[in-house]
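Reader: Got a minute to go through the strands in this one? Put it up and I'll ask as we go.

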Amino acid sequence: MLKPRILAAEALAPYHEYDSILEIPNGNNPNQNAWLTLQLRVKLNFVDSKNPLPPLTVHQGGKWYAKDHDGYLFPLLDWRRT
């Protein structure tokens, strides 16, 4: 039996990072598709020169950079404080 809703807490890795909901149409319209909704679990780390996160941020030549997986450095801009 197909379970239409699976919560992240019920799934095994690597499928435990999101909830999924599958909505199946009632079958009255043969042209109606099913819907699959994935609810991602994302945590953002806001970093800038005032809030660095080593080793993902690097200070070189007086400037701050974000370092990606391949080691490429992207210039960091400070977040505006409101």
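Author: Here is a short run through the strand pairing.
Author: This is a predicted model: local features need pLDDT of at least 70, side-chain atom pairs count only at pLDDT 80 or more, and totals for chains, interfaces and linings use all residues. Residues are numbered from 1 along each chain as its sequence is written, and side-chain values use heavy atoms, with hydrogens and water left out.

Reader: What is the strand order in the open sheet of three strands?
Author: The order is β1-β2-β3, with antiparallel pairing. Strands here are DSSP runs of E, at least two residues, numbered from the N terminus. Two strands pair if DSSP finds at least two bridges between them.

Reader: Which strands stand at the edges?
Author: β1 and β3. Each has a single partner strand, so one side of each lacks a neighbour in the sheet.

Reader: How many bridges between β1 and β2?
Author: Two, linking residues 5-6 with residues 18-23. Ile-6 sits opposite Ser-20 there.

Reader: And how many for β2 with β3?
Author: Six, with β3 covering residues 35-40. Leu-22 faces Leu-36 across that pairing, and Asp-19 has Gln-39 as its bridge partner.

Reader: New topic. How do β4 and β5 run, parallel or antiparallel?
Author: Antiparallel, joined by four bridges. β4 is residues 57-60 and β5 is residues 63-67. Gln-60 bridges to Lys-63.

Reader: What about the hairpin, how many residues between the strands?
Author: Two. Gly-61 takes a positive phi near 60 degrees in that hairpin.
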